Amino acid sequence: MEMDALYIKTPQYRYGPLKTTDAPWFIEEGLSTDRDLVWTPKTNEWTPIGKIEQFKPYFDKMKKKTGRSKVYAFASGKGGVGKTAITASMAIELGALGKKVIIVDADLGGPDLHEWVGVSRPPITLNTFFQYKGVKLQQLLVETPYPNVQLIGGEIANIAHSNPNFFSRSKFHRHLHQLEADFVLVDMSPGVSYQTIDLFLACDNGIIVTIPDPTSFMDAFNFIRVSIIRKLLKALDFCEFSTAKIKEFEHWDWQKYENSLYSVFEKIQNFDPRAASFFMATIQSFKPKMVTNMVYSEEEATEAAAFKEKIKKLLMIDINYLGYIDFSNQLRKLTKDMRPFGLSTPDEGKAYEPSKIQLSFPQTQK
């Protein structure tokens, strides 16, 4: 099939040659704004893409999405890193600032987010959503003792709905963005599975929680690696050569392999420039964030910066490192009591005082 030789130029990159029908994908992925420039043989000049009639409906569609709730996924490569505690703490902090927050327990195999926000057993859970047709997530909201914070809990000890099918998961992803709140915080299952990876990619922002030990960083690396491979395979499913090269990289021993994902990009670039544009655009659209928890020392704090550089070198991904949380006996006691870090009074439901616990940055970090 002959291409239209369309090119899209953003402030950072130039994509092409593409087909005219490829442009909507770039718009819907948020990779192209109406101020970016486009060139086609028909126009024979660089023109703001927002001025071209055939693309205006896609920008109008994106503008309608800007008013929806922002969904944040909290993930981890392994359990025990404090992911749920951080999710609950952030929800309470945002609620105290007057923001409407909904927290969702998507750890379907072992939900316990409800305990962290003072709900002993949710009267209605995601089990209802997965079991009955026509149920909306908005109908599952449960009040918590904290201002402006509502919960959608998971079903406790119900193996029947711990692994919903693909269609149920897709419905779940859509409904998350339909919730009426300023922020939707999703506490995910630890580890790697199609369920967790697809949910992570479906959310507007993904935050990976780790602790400063080699196995935790290794698990976080694996989570990011599997996520970007999954995203690339979906974006390039039209090019058999590209998917074959990506799968080859997926099955290499990445602990020994010194070359990066960029070598895969070069092979695809030489074979199919259009596919290479989709490859690079997918890399640019994937912007995970990271928090390091339980940091004992300044030396441990700087380990995350080295991890960030490793990810950039091997996977071409620029992680947004949000900072770290110091280890303290006070936080350890709160964790044992299953109380959020922001809670300053021993009894749940009492007057809330803003937390003094802040994210910190290593001195070597700019």
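This talk walks through a predicted model, from its sheets to its cores, its largest pocket and a few backbone details.

Let me start with the open sheet. Four strands build it, in the order β2-β1-β3-β4. The pairing is antiparallel. Which strands sit at the edges? They are β2, residues 14-18, and β4, residues 47-48. Each of those two pairs on one side only. Look at the β4 end. Strand β3 covers residues 37-39, and 2 bridges tie it to β4 in the antiparallel sense. Val38 has Thr47 of β4 as its bridge partner.

Two backbone details belong to this part of the chain. As a reminder, most residues other than glycine have a negative phi, and most peptide bonds are trans. Now go to the edge strand β2, where Pro17 is found. The peptide bond between Gly16 and Pro17 is cis, with omega about 0 degrees. Next, take the loop between β3 and β4, where Asn44 lies. Asn44 is not a glycine, yet its phi is positive, about 55 degrees. Is Asn44 buried or exposed? Its relative accessible area is 57%, over the 50% cut-off, so Asn44 is exposed.

There is another such residue further along. Asn148 sits in the loop between β7, residues 142-143, and β8, residues 149-152. Its phi is near 70 degrees, again positive in a residue other than glycine. Asn148 has 39% relative accessibility, between the 20% and 50% cut-offs, so it counts as partly exposed.

On to strand β5, residues 70-75. Why call β5 largely enclosed by the rest of the structure? Because 5 of its 6 residues are buried. Its partners are β9 and β10. Strand β9 spans residues 183-188, runs parallel to β5, and is joined to it by 5 bridges. There, Tyr72 has Leu185 as its bridge partner. Strand β10 spans residues 205-210 and pairs with β5 over 4 bridges, also in the parallel sense. On that side, Phe74 is matched with Ile207.

Now the nonpolar cores. The largest has 77 residues. Which of its members touch the most others? Phe172, Leu176 and Phe279 do. Helix α8, residues 214-235, gives this core its largest share, 9 residues. A second, separate core holds 25 residues, including Val101, Val117, Ile207 and Ile211. We have met Ile207 already, as the β10 partner of Phe74.

Let me take Phe279 on its own. Setting aside residues up to four places away in sequence, Phe279 touches Leu232, Leu236, Ile246, Leu261, Val264, Phe265, Ile268 and Met316. Three of those names return in helix α10, residues 262-271: Val264, Phe265 and Ile268 are buried there, along with Ser263. What do the buried residues of α10 pack against? They pack against α9, residues 240-250, and α11, residues 273-285.

Next, Leu126, in helix α5, residues 126-131. Its relative accessible area is 1%, and buried means under 20%, so Leu126 is buried. Who surrounds it? Beyond its neighbours within four places in sequence, Leu126 is in contact with Asp105, Leu108, Leu137, Leu140, Ile152, Gly153 and Phe172. Take Ile152 from that list. Leu126 and Ile152 are 26 residues apart in sequence, and 7.0 Å apart in space, C-alpha to C-alpha.

Compare that with Thr84, in helix α3, residues 83-96. Thr84 has 11% relative accessibility, under the 20% limit, so it counts as buried. Leaving out residues up to four places away in sequence, Thr84 touches Asp112, Leu113, Trp116 and Asp187.

Last, the largest pocket. Its volume is about 1800 Å³. It is lined by 48 residues, and the closest to its centre are Glu28, Glu29, Gly30, Leu201 and Lys231. Which elements give two or more residues to the lining? They are α1 (23-28), α2 (56-65), α6 (166-176), α7 (194-202), β10, α8 and α11. How does the lining divide by residue type? There are 16 nonpolar, 15 polar and 17 charged residues.

That is the tour. Happy to take questions.

Notes:
Residues numbered from 1 in each chain as written. Predicted model: local features only at pLDDT ≥ 70, side-chain atom pairs only at ≥ 80, totals over all residues. Heavy atoms only, no water. Pairing = 2+ DSSP bridges. Core = buried A, V, L, I, M, F, W, Y, C linked by side-chain atoms within 4.5 Å. Buried < 20%, exposed > 50% of the residue type's maximum accessible area, 1.4 Å probe, protein only. Contact = heavy atoms within 4.5 Å. 1 Å grid on protein atoms, 1.4 Å probe; cavity = no way out; pocket = protein on both sides within 12 Å on 5 of 7 lines; lining within 4 Å. Points joined across faces, edges and corners; volume = space filled by probe spheres on them. Nonpolar A, V, L, I, M, F, W, Y, C, P; charged D, E, K, R; others polar.
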